[in-house]
Amino acid sequence: MAALSIRKLVKAYGATQVLHGIDLTVADGEFVVLVGPSGCGKSTLLRMIAGLDDISAGEMWIGARLANALPPQQRNISMVFQSYALFPHMDVRRNVGFGPRIRREAPAVIEAKVQKAAGTLNLGDYLARLPRQLSGGQRQRVAMGRSIVREPDLFLFDEPLSNLDAKLRVQMRTEIKALHQALKTTIVYVTHDQIEAMTMADRIVVMNGGRVEQVGSPLELYDQPANRFVAGFLGSPAMSFIPGVLERGDGAPRLRTRAGFTLPVGETAAASGQAVEVGIRPEHYRLAEAGAGFPYRVEVIEPTGAETHLFGAIADTPVRCVFRERLALAPGDVLPLTADPAHVHVFDAETGVRL
């Protein structure tokens, strides 16, 4: 295992710069997830860690070695791709043991490594099967087994669950996290799925436009987003944003919306009269007493059993709410809502920075 240190990393294709001075440190044994929208640079960064793309500027250290000029085969890393990339004519045993065979390791050593990987990934009953005889989840475990036998310093995962159905993705999330806990390996994992990031990572790196927006634990980013982008990207259903002007006076600061009603907010650095947007997560809305709160017009009701999801609007602002109660509602109903000021996030309307 090894730590990873990235300093002022830049990637440019001619005059087009796609990564803008990335700084990131991954501790030995840490599970770090790179997340962001398509085109944000997360896969480019992963390919640079792997040595598949050249570094335009900056430094990359894997353990105590400067890796800028190291070819992929000398970095002692292992990469699991979105496609399984298995040899269709080889059974599971030969697929998993392919790397050690290429390195001309002794047959007994190869078999021991294959058996250990198969035991870790519950593949013992499938060693004689060909890839076409396996499910998607089993094929992905074979690809992971091929990485494990290499005994790398660093595991890289590039959206490995994208080709699986929803049920298998949930199962494989659990298996990958359990694998990390068992092996104590250093993992850098790329995904566009923020649920994968929230449920698997020790720390999340949120990227946007070739830059790092925020780095932190999943709950730190969820509860204390640095800006509007991070707040809106993490969470499902997503946070809703209500524009207005901050007012100060007697009592707590409050937002005055364009429709004229007010909403109390927690302590904030925003100045009185400043144009802001407040962000509220769907689960933090509460039903208010009749005549209190602010009006919420219901447009769509989505009962899930455990929760009731509502899609509607506060004035002209689209808002999604989630309630644990089973509410008897119809489209067009108007509910009085409120929110705990401690869960109301205030963002500068111009810069998006959390205030």
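Okay, let's start in the middle, with helix 5: what covers its buried residues includes strand 6 (77–80), helix 2 (92–96), helix 4 (107–121), strand 7 (154–158) and helix 6 (166–183). And this is a predicted model, so keep that in mind throughout.

How much of helix 5 is buried? Ten of its 13 residues, so the helix is mostly covered. The buried set runs Gly137, Gln138, then Gln140, Arg141, Val142, Ala143, Met144 and Gly145, and finally Ser147 and Ile148. Note that an arginine, Arg141, is on that list of buried residues.

I also checked the length of helix 5, residues 136–148. With 13 residues at 1.5 Å a residue, you'd expect a span of 18 Å, and the end C-alpha atoms sit 19 Å apart, so the two agree.

Now zoom out. The protein has 355 residues, 47% of them buried, and we get nine helices and 20 strands. Along the principal axes, the C-alpha atoms fill a box of roughly 80 × 45 × 30 Å. If you take the contacts with a separation of 6 or more, 63% of them are between residues 24 or more positions apart.

On the surface side, about 16400 Å² is exposed, with carbon and sulfur atoms supplying 51% of that. As for charge, there are 39 positive and 37 negative side chains, and the centres of those two sets are 8 Å apart.

From the record: UniProt, in an unreviewed entry, puts "domain: ABC transporter" at residues 4–234. Over that stretch I get 36% helix and 26% strand, and the end C-alpha atoms are 25 Å apart.

Last bit, the backbone oddities. Which peptide bond is cis? The one joining Ser236 and Pro237, with omega at about 0 degrees. Pro237 is in the loop between helix 9 (228–233) and strand 11 (240–247).

Then two residues that aren't glycine but have positive phi. Lys8 has a phi of about 50 degrees, and Lys8 is in strand 1, residues 4–13. Is Lys8 buried or exposed? Exposed, because its relative accessibility is 55%, and the cut-off for exposed is over 50%.

The other one is Asn76, with phi near 50 degrees. Asn76 is in the loop between strand 5 (65–66) and strand 6, and strand 6 takes us back to where I began, since it's among the elements covering helix 5. At 25% relative accessibility, Asn76 counts as partly exposed.

Definitions and conventions. Residues numbered from 1 in each chain as written. Predicted model: local features only at pLDDT ≥ 70, side-chain atom pairs only at ≥ 80, totals over all residues. Heavy atoms only, no water. Helix = DSSP H or I, 4+ residues; strand = E, 2+ residues; numbered from the N terminus. Buried < 20%, exposed > 50% of the residue type's maximum accessible area, 1.4 Å probe, protein only. Contact = heavy atoms within 4.5 Å. Areas by Shrake-Rupley, 256 points an atom, 1.4 Å probe, with all protein chains shown as cover. Lys, Arg positive; Asp, Glu negative; His and termini not counted. Charge placed at Lys NZ, Arg CZ, Asp CG, Glu CD. UniProt positions renumbered as here; feature names shortened; annotations may be inferred. Expected span 1.5 Å × (residues − 1).
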